[in-house]
Amino acid sequence: MPNTSVSNTNTAIVSRFRDFFRTRDFLLHDGRRLRRLSIPGRAQALAAGFAAITVAFSGYGMGHAALGTAAAAGLVDGPSAETRVAAMQQQVKAMRADVVRLRADARAHAARIDRRQQALAAVLTGSDNADQLVLAALAQPSVDAAPIVTRPFDRVARRQATMAAQAKAMADARYADTARSMKRLGLNPRRVAPAMGGPYEPVDAATAAAATANAPTADAAADAQFRALFLSWKKLDGIEQAAISIPSFQPVAHMAFTSNFGVRSDPFRGTAAMHAGVDIPGPIGTPVYATADGIVARAERAGGYGNLIEVNHGKGIATRYGHLSKILVSDHVRVKRGQLIGLMGSTGRSTGSHLHYEVRIDGSAVNPAPYLQAGELAMAADRAQRQRLGMGGPAN
């Protein structure tokens with residue numbers, strides 16, 4: 001009768017154990033198409049159930065062997081039927097605890113897989129909250145689960161590791177394109193990108209060995225790729241955020257130059273003179289926009305410039321907008337890339353309605369044309385601005 005009771009209890013436990021595990025579908029997006037990988041609930045239940053039964057009966061076998069050895073040595077009397085039943089009941093309780101633990105481990109491990117997949121999908125599709133999702137995936141604690149519990153997810157984890165490596169390559173390529181655009185303008189990317197540093201703290205040999213251990217599990221390999229992806233993404237985010245402060249947005253909607261940067265014949269005297277910017281024609285009242293994020297250094301009447309706005313973009317970069325018919329901003333106000341700041345006119349030393357536009361680096365005028373034609377830089381700034389607005393930043 002006791003044996004029948006134990007058998008019924010085991011049957012009930014196995015039934016509840018299998019009911020918990022359901023088929024899990026993972027949608028993997030590689031930037032071009034969706035792929036679905038399924039892990040059947042039966043495979044998860046059998047794996048976790050086998051682990052629990054192995055742990056439970058191994059412990060029972062060891063205890064039974066120890067008790068038999070003690071009885072043979074005359075230290076204790078042989079176990080009675082009641083003692084054996086009680087021992088088996090204890091093992092059943094241990095099995096229940098193992099089932100609960102394995103079930104929690106499987107749930108936590110599946111959550112890690114889900115978080116990583118959300119981050120990958122955001123990165124590969126260019127979502128504005130990609131960096132937040134990558135951070136969330138990295139913050140998800142690792143699960144110290146038996147390999148037999150995590151093994152059904154290994155296929156998905158390996159695929160995620162491959163996709164994270166691809167996303168890292170995309171981020172590195174975008175960083176390289178933006179850095180090249182800056183260098184073509186004579187700007188050192190290190191000058192405009194956020195600075196990083198800190199005291200040097202060497203890693204001890206044991207920690208380094210653990211970090212570079214051979215034959216990592218599929219989950220550990222995916223985590224390593226995600227950490228590498230995060231570092232590349234933060235580096236890319238830094239340079240693209242810096243691109244917002246580089247004047248690459250068009251100051252007017254329709255671009256044309258009536259006078260270029262450099263030495264020219266002065267329109268009033270007819271003698272050679274240095275022209276520190278470019279002249280862009282248009283009707284009086286044509287909207288004029290800030291070409292990068294910054295702070296208005298001055299907005300006033302300024303001699304030959306007429307009505308002038310000067311914007312300080314940081315890192316020694318500034319822009320000037322002259323001959324305006326109307327100034328729409330005031331001193332010390334923060335402006336955003338693409339924000340309306342004034343209207344075109346013909347004030348000051350001017351022969352007709354146009355915008356005199358300058359870019360200055362460390363106080364010296366440089367040719368604005370390459371900045372306005374830096375396509376990769378403009379794209380980087382646009383991505384960074386959309387990301388900032390998507391994260392709740394101020395609109396223009």
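Which residues does Ile 309 touch, not counting residues up to four places away in sequence?

## Ile 309 and the cores

Keep in mind that this is a predicted model. Here, Ile 309 touches Val 296, Arg 298 and Ala 299. Further along the chain, the contacts of Ile 309 are Thr 319, Arg 320, Tyr 321, Leu 324, Ile 327, Val 329, Ile 341 and Gly 342. That list leaves out residues up to four places away in sequence.

Ile 309 also stands out in the largest nonpolar core, which has 36 residues. Along with Tyr 321 and Leu 355, Ile 309 touches the most other members of that core. There's a second, separate core too, with 8 residues, including Leu 120, Ala 137, Ala 167 and Phe 226.

## A three-stranded sheet

Two of the residues Ile 309 touches, Ile 327 and Gly 342, turn up again as bridge partners, with Gly 342 sitting in E12. Strand E12 covers residues 340-343 and pairs with E10 in the antiparallel sense, over 2 bridges.

Zoom out and you get an open sheet of 3 strands, ordered E6-E12-E10, with antiparallel pairing. At the edges are strand E6 (287-289) and strand E10 (326-327), each pairing on one side only.

## Gln 166 on helix H6

Now for a spot on a helix: Gln 166 belongs to H6, which runs over residues 154-184. Is Gln 166 buried or partly exposed? Gln 166 counts as partly exposed because its relative accessible area is 35%, between the 20% and 50% cut-offs.

Gln 166 and Gln 225 are 59 residues apart in sequence, yet their C-alpha atoms are 9.7 Å apart in space.

Definitions and conventions:
Residues numbered from 1 in each chain as written. Predicted model: local features only at pLDDT ≥ 70, side-chain atom pairs only at ≥ 80, totals over all residues. Heavy atoms only, no water. Helix = DSSP H or I, 4+ residues; strand = E, 2+ residues; numbered from the N terminus. Buried < 20%, exposed > 50% of the residue type's maximum accessible area, 1.4 Å probe, protein only. Core = buried A, V, L, I, M, F, W, Y, C linked by side-chain atoms within 4.5 Å. Contact = heavy atoms within 4.5 Å. Pairing = 2+ DSSP bridges.
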